[in-house]
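Grab a pencil and open your viewer. Here are a few exercises to work through, each with a solution.

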Amino acid sequence: MTTSYNRTLITPWPVVGWLLLHLTIATGGLLWAAVRWQDIKSVKALPKPQRDPLVIRPVHDVPEIVSDEELRYVLWKLRPRLRAPNPKVNHVDHALRFWGVPAQFDDPHCYSGVEMRELLLDHRKFSTAWTRPGTRPLFVESKKGVKPRLQQGDATTSHVDHTLGTLAEVGTPLDYPIITADGETRVRALLDQSLYEFSVNQLEYEWSILAYALYLPNTTHWVTQEGQKMSFDRMAERLLRQKLTQGVCFGNHRLFTLAMLVRVDERSRILSDEMRGKIIAHLKMVTATLMKTQHADGFWERDWDGSVPTESPGIRNPVSRKILATGHALEWWAMAPDEVLPPLEVRVRAARWIIDTVATMSDREIELNYTFLSHAGRALALWRGKFPYEVFPEGLCPAIVDAPASLTKETDQK
Amino acid sequence: MSISADKSTVHDNLTFTAASTQRFALGLPHVFAAAVFAAWFLYMNYMPLFHTDLWGHVSYGQWMLEHRQLPQEDPFLKHAEGVDIIASAWLSQVLLGAVEQAGGDEALSACFAMISLTIILCLWGIFYQYMPRPGVCTLALFVTVLIGSTRIAVFRTETFGELFMAMLLFLLTTIHRSYLDETEAERSLSRRTFWTATLGIPLLFLVWANAHGSFVVGLAVIGCHLIGRFLEVGWRTRSLWSIIGDRWFRRWVMWTELAVGASLINPYGMDLLINALTFPRNPNLKDITEWYAMSFGDFEAIYFALSIVILLVMMRFSRRRVHPFQLLVIGLLAYSVTSSVRMIWWYAVVFAYAIAPHLQDIVDRVWPAGGFWKPNDGTNIKALLRKRSYLWTALSIMLLWYGFALSPIATPLLGGTPRKATQLYSKETPLALTEFLHEHPPKEAVWNPQWWGDWLAARGPKNINVFMTTNAVHVVPHRVWKDYMRIATAYQGWPATLDRYNVQTVIVSKVDQQPLADGIHKLSGEWKMIYEDDQALVVTREEELKKITPVTSSSVSRDAKALRRGAFN
């Protein structure tokens with residue numbers, strides 16, 4: 001059967017005109033869609049950080065809490081004697097945060113601050129130190145940058161974004177190189193990957209938020225890959241959400257980050273007045289709780305919020321738990337504004353317990369508790385208004401520091 | 001006026017009267033159809049309102065009516081704060097909210113019944129346009145509804161989408177009646193039909209796009225016609241010039257453009273279209289059963305297989321040409337239903353639309369018009385069935401009246417006892433639990449099954465802080481959804497997840513969350529069971545709630561005063 005079609009546009013020009021009209025309509029529609037698609041995508045663009053992180057200095061100098069001699073001795077005892085095969089990344093991470101990059105040690109068993117940072121960020125150094133067969137590189141490449149492997153053994157980090165938070169706290173600029181097994185990148189890639197993966201409801205978020213506050217103090221908000229608008233108010237809300245002692249290190253990381261948010265907010269407004277008020281009120285409430293639950297000897301335990309623990313302690317050694325709880329409390333107080341601080345005697349008792357405990361600990365005990373002690377040692381230095389490396393002339397910790405008389409006498413009495 | 005003239009007038013009047021009389025006289029097949037429509041309306045009006053996202057949509061609508069604006073974020077879910085939403089169903093939500101405000105939940109039920117009836121009338125009309133045989137059309141409708149039957153019981157905004165789809169297919173059938181029957185050279189469209197389509201299509205999509213995101217399925221159906229025509233003409237002529245010169249191709253281009261253009265007239269513009277197209281990629285939906293891919297054991301798979309058998313039989317015996325657009329629409333919807341079982345209704349209606357002309361061809365040949373009922377053998381029963389009569393008209397009207405009078409919709413007009421809450425709401429609706437929560441409202445965060453979240457947010461205690469709602473599954477951050485699932489399935493570490501969200505009260509569906517119900521009993525001593533019935537249990541660690549005397553199955557009665565009609569309005 002012969003088929004003919006309804007043709008009314010048999011001359012070329014009407015056909016061309018019709019074609020042009022509809023091509024224009026279609027192209028216009030597609031362009032509109034493309035522009036909107038780009039806009040929708042761009043909403044989730046990662047925020048632009050500043051190159052150098054904010055450095056938040058300690059503001060209190062209270063000799064009653066720790067004397068110069070005691071501080072030097074305690075810090076000397078807590079020097080990072082990590083120069084051995086296969087040093088725990090967790091320890092290096094904490095030691096770098098504790099001591100800072102300028103720290104040097106007149107002890108061949110210690111890594112300097114620079115070396116510790118290299119150990120973390122330069123795969124060549126890492127692979128030299130980590131000789132155990134089968135050890136995988138610390139950093140792995142991800143969609144938007146790099147990230148350290150997490151909780152997969154001694155050659156990996158222990159807390160989400162702890163390395164990033166450490167690098168921020170010790171003042172590492174974002175263009176500082178990271179040498180991975182696959183090539184070279186920058187610290188910016190570490191931050192970008194963290195921002196890309198960040199969810200305010202993730203398991204650990206305290207170090208992430210701290211790093212963001214230091215690298216993004218001029219960013220009011222951004223949108224996560226989950227499509228949620230993120231601001232420091234929202235992150236602070238998250239920090240305030242849980243029961244006090246829940247979470248890593250008995251909930252103390254949250255308090256430290258909250259205190260740091262307030263301090264950053266003093267330099268660059270990242271919080272609303274309402275949220276700042278909520279944080280201050282919360283920290284005051286925590287301080288009041290700590291005052292009630294402080295042991296006569298000055299320490300706190302995992303039940304520092306006064307509740308009856310319902311879960312297994314996780315950390316079996318009670319001394320370790322006390323160091324953890326007490327050291328962390330002293331640390332966040334050291335960075336907190338005056339209005340949330342407890343009376344001096346509370347801080348003195350806590351510091352005294354820490355100093356005395358550290359003075360009597362063996363090298364082996366210090367090694368076993370190094371991560372907890374790093375917070376305690378740093379706290380003591382901060383209470384003298386200094387970062388630990390600033391305690392020693394030119395940042396050089398001597399090979400030997402004699403115990404001050406006060407500690408010798410107490411030790412003798414015990 | 002002359003006598004002859006008078007006679008002529010009388011004759012004309014008599015002729016007119018006779019024609020009118022004949023016009024309103026119905027046959028037995030009409031009675032059958034009327035019975036089916038009445039029964040359908042009755043059934044759908046008695047269908048209890050489902051316990052899931054309907055209540056979220058109603059709440060959204062009432063929120064919009066109250067605030068006179070579209071929500072920027074989910075107004076009822078704390079964990080979705082900061083997530084922008086596109087209220088793609090805003091118009092139907094507003095309608096639902098207004099209906100509920102005007103007439104309560106019974107009005108929602110009536111609304112559902114009326115929409116459902118309109119849908120099947122449109123589907124019936126698709127068949128009827130091809131073959132004015134009410135009985136056969138009703139049987140064909142029955143098969144169509146059977147194929148999509150797993151998706152008909154739940155009233156939600158998607159129901160509006162289903163309505164518009166049925167209307168679109170009815171409209172397209174009007175176009176195709178001439179298109180399919182005549183030879184290519186004679187294909188033409190009456191002016192009336194042309195303008196009906198040219199005005200009706202954009203109008204339909206204007207409303208549809210604002211009422212539900214399923215308008216993209218409608219766009220796809222129209223697009224299939226355009227592509228189908230392109231292929232049809234292109235295959236025969238191998239000439240782009242001929243394709244562009246083809247009037248029908250140009251018409252489909254225009255109608256497609258009008259449909260797309262009209263659907264862009266909405267509060268979100270192009271973003272709505274993009275959102276509708278990308279919506280199925282939302283990772284949270286992978287855990288929702290209705291978004292699962294089809295598997296062999298599903299009812300949907302059985303009905304889908306049945307439809308394929310029917311399709312093959314139709315293709316084998318129909319003498320009509322199979323047009324590319326028919327293959328395209330069936331192929332597209334078949335693919336979508338195998339990817340996601342929730343598309344089975346959409347597949348079913350498109351299936352009906354595509355096979356209707358082939359069914360007509362087969363039926364006309366097997367049972368030529370009038371042949372089947374021809375009373376040649378003098379059988380009285382056949383003669384009775386064949387005859388059109390007022391008796392059948394009256395019977396049809398009576399059936400339709402009974403369909404209305406016996407339905408709950410007639411209660412306000414005709415009197416009677418309103419339905420009890422247990423009849424108005426689906427049996428999975430946690431009525432007794434809701435009453436308990438009203439008496440003892442949780443102040444802090446509550447974890448709940450997502451399918452109860454919308455109901456609890458709408459009808460539970462004021463400002464209840466629910467963890468998840470069905471209406472916001474696609475809105476909440478993926479991390480929240482994963483954590484919800486971890487708790488819902490009592491997966492390793494779920495108690496710590498409760499801690500992370502500072503959940504103080506947990507509501508568990510004993511029927512659908514047995515592992516969690518078992519796990520709840522193993523929670524630490526800080527938790528206390530405060531409520532349990534056959535349906536749900538509640539544990540809490542809120543100090544105030546822990547003080548109350550636990551309510552257990554023996555003290556809960558679903559017929560108690562708490563379940564009075566309207567107790568939760």
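The exercises below deal with a predicted model, and each solution goes step by step.

**Exercise 1.** Work out which elements of chain B supply the side that touches chain A, and what kinds of residues sit there.

*Solution.* Start with the totals: 32 residues of chain B are in contact with 33 residues of chain A. Next, look for helices of chain B that each supply at least two residues to that side: these are α8 (215-237), α9 (240-245), α10 (247-263), α11 (270-278), α21 (478-488) and α22 (494-500). The top contributor is α10(B), with six residues. Finally, sort the residues on this side of chain B by type, and you get 11 nonpolar, seven polar and 14 charged.

**Exercise 2.** Is R117(A) buried or exposed? Place it in its helix and find what it touches.

*Solution.* First find R117(A) in helix α4 (residues 113-121) of chain A. Now count: R117(A) has 21 other C-beta atoms within 10 Å, and the cut-off for buried is 20 or more, so it is buried. Leaving out residues up to four places away in sequence, R117(A) touches L96(A) and V101(A). For a longer-range pair, try V170(A): it lies 53 residues from R117(A) in sequence, yet 9.7 Å away in space, C-alpha to C-alpha.

**Exercise 3.** Which residues touch the most other members of the largest nonpolar core?

*Solution.* That core has 166 residues, and the ones you want are L123(B), V329(B), V349(B), V350(B) and A352(B). Helix α4 (residues 90-130) of chain B brings the largest share, 19 residues. Then zoom in on L123(B): beyond four places in sequence, its contacts are L141(B), T144(B), A166(B), V349(B) and A352(B). Last step: a second, separate core of 112 residues includes Y73(A), C110(A), V187(A) and A189(A).

Note on methods. Residues are numbered from 1 along each chain as its sequence is written. Chains are lettered from A and ligands numbered from 1 in the order in which they are written. This is a predicted model: local features need pLDDT of at least 70, side-chain atom pairs count only at pLDDT 80 or more; totals for chains, interfaces and linings use all residues. Two residues are in contact if their C-beta atoms, placed from the backbone, lie within 7 Å. Helices (H or I, at least four residues) and strands (E, at least two) are DSSP runs, numbered from the N terminus. Ala, Val, Leu, Ile, Met, Phe, Trp, Tyr, Cys and Pro count as nonpolar, Asp, Glu, Lys and Arg as charged, and the others, Gly among them, as polar. A residue is buried if 20 or more other C-beta atoms lie within 10 Å of its own, exposed if 12 or fewer, and partly exposed in between; C-beta atoms are placed from the backbone. A nonpolar core is a set of buried Ala, Val, Leu, Ile, Met, Phe, Trp, Tyr and Cys residues joined through C-beta atoms within 7 Å.
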